[in-house]
Amino acid sequence: MSKYKHELTSQRFHIQSLRIIIVVLLMVVTGLGYGLYSVPRNIIVHNPPDLRTGSVRAWWEIPPSTVYAFTFYIFQQLNRWPKDGEHDYKRNIHALQAYLTPQCQRFLEQDYENRNLLGELRSRVRGVYEIPGRGFDNSRVKVNSKDSWDVTLDLSTDEYYLDNPVKRVLVRYPLNVVRYDVDPEANPWGLALNCYRSTPQRLEIEPVSEKK
């Protein structure tokens with residue numbers, strides 16, 4: 001009789017052990033499932049523009065050429081007023097807000113209010129263009145950290161009032177850019193303009209010829 005009791009006890013112990021193993025396996029599978037769910041579906045990899053010589057870099061590293069291209073593109077779009085600066089500038093700030101830090105957006109909104117009060121926007125058409133020969137090179141992007149860069153843009157700024165040229169100046173814009181992986185859908189670059197790190201400097205003035 002004791003033999004049967006011993007066998008029954010062994011079977012119960014074995015069943016209990018299997019139950020514990022099943023619970024542990026369920027916990028492991030749940031953890032693995034959560035890990036797979038939390039892994040990003042898309043990873044942005046920044047490649048340099050010329051891959052003929054190859055490139056080896058960490059996937060999270062953003063090359064200076066990409067930072068410069070982002071800065072120039074967003075800054076140019078921000079300062080493109082094709083019809084009327086009073087409406088275009090405000091619209092640009094709103095349209096590009098995903099590419100601006102909150103601090104920079106507030107600065108630009110205040111800049112808009114100041115310019116509008118001084119009458120510098122109404123009926124103004126504006127555009128900024130890269131000065132030939134002063135495009136990207138490594139000296140124009142200073143790497144502060146893996147999440148921050150200082151970018152220098154040398155641009156020609158043209159403004160017109162009612163089809164009449166009123167300004168053509170060459171300006172150096174010292175800008176700051178930060179990593180901004182907040183909303184990949186709205187901002188696939190993963191970068192944001194943090195506005196000026198210091199006051200822009202006028203390089204030289206080119207006289208604008210009057211229309212004949």
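Begin by selecting Val178 in strand E4 (residues 164-179) and then Ala192 in strand E5, since Ala192 is the bridge partner of Val178. Strands E4 and E5 run antiparallel and are joined by four bridges; two strands are taken to pair if DSSP finds at least two bridges between them. Helices (H or I, at least four residues) and strands (E, at least two) are DSSP runs, numbered from the N terminus. The model is a predicted one, in which local features need pLDDT of at least 70 and side-chain atom pairs count only at pLDDT 80 or more, while totals for chains, interfaces and linings use all residues. Residues are numbered from 1 along each chain as its sequence is written, and side-chain values use heavy atoms, with hydrogens and water left out.

Next, keep E4 selected and add strand E3 (residues 148-161), which pairs with E4 in the antiparallel sense over 14 bridges. To see one of these pairings, select Leu153 and look across to Tyr173, its bridge partner in E4. Then move to the hairpin of E3 and E4, where two residues lie between the strands and Leu162 takes a positive phi near 55 degrees.

Now return to E5 and select Cys195, which a disulfide joins to Cys104 with an S to S distance of 1.9 Å. The pair links distant parts of the chain, with Cys104 in helix H4 (residues 102-117) and Cys195 in strand E5 (residues 191-196), 91 residues apart. With a disulfide taken as a pair of cysteine sulfur atoms within 2.5 Å, the count comes to one disulfide. The torsion about the S-S bond of Cys104 and Cys195 is about 75 degrees, so this disulfide is right-handed. Cys104 is buried, at a relative accessible area of 1%, and Cys195 also counts as buried, at 8%; here buried means under 20% relative accessible area, exposed over 50%, and partly exposed in between (1.4 Å probe, protein chains only).

The charged side chains come next. Side chains of opposite charge can pair when their charged atoms come close. A salt bridge is counted when a side-chain nitrogen of Lys or Arg lies within 4 Å of a carboxyl oxygen of Asp or Glu, and a search of the whole structure finds 14 salt bridges. Select Glu86 and Arg122, which form one of them, their closest N and O atoms being 3.1 Å apart. This pair links distant parts of the chain, since Glu86 is in helix H3 (residues 85-95) and Arg122 is in the loop between H4 and strand E1 (124-130), 36 residues apart. Which of the two is buried, and which is exposed? Glu86 is buried, at 15% relative accessible area, whereas Arg122 counts as exposed, at 53%.

Within helix H4, select Asp111 and Arg115, which lie four residues apart, about one turn of the helix. They form a salt bridge whose closest N and O atoms are 3.0 Å apart, and both residues are buried. Salt bridges that share partners also join Arg124, Arg126, Glu159 and Lys167 into one network.

Finish at Asp137, in the loop between E1 and strand E2 (141-145), where Asp137 counts as partly exposed, at 34% relative accessibility. Add Ser139 to the selection, and a polar contact of 2.3 Å appears between the side chains of Asp137 and Ser139; such a contact is a pair of N or O atoms within 3.5 Å, where, within protein, one must be able to donate a hydrogen and the other to accept it, and residues adjacent in sequence count only if both atoms are side-chain atoms. Lastly, select Pro64, which is 73 residues from Asp137 in sequence and 8.6 Å from Asp137 in space, C-alpha to C-alpha.
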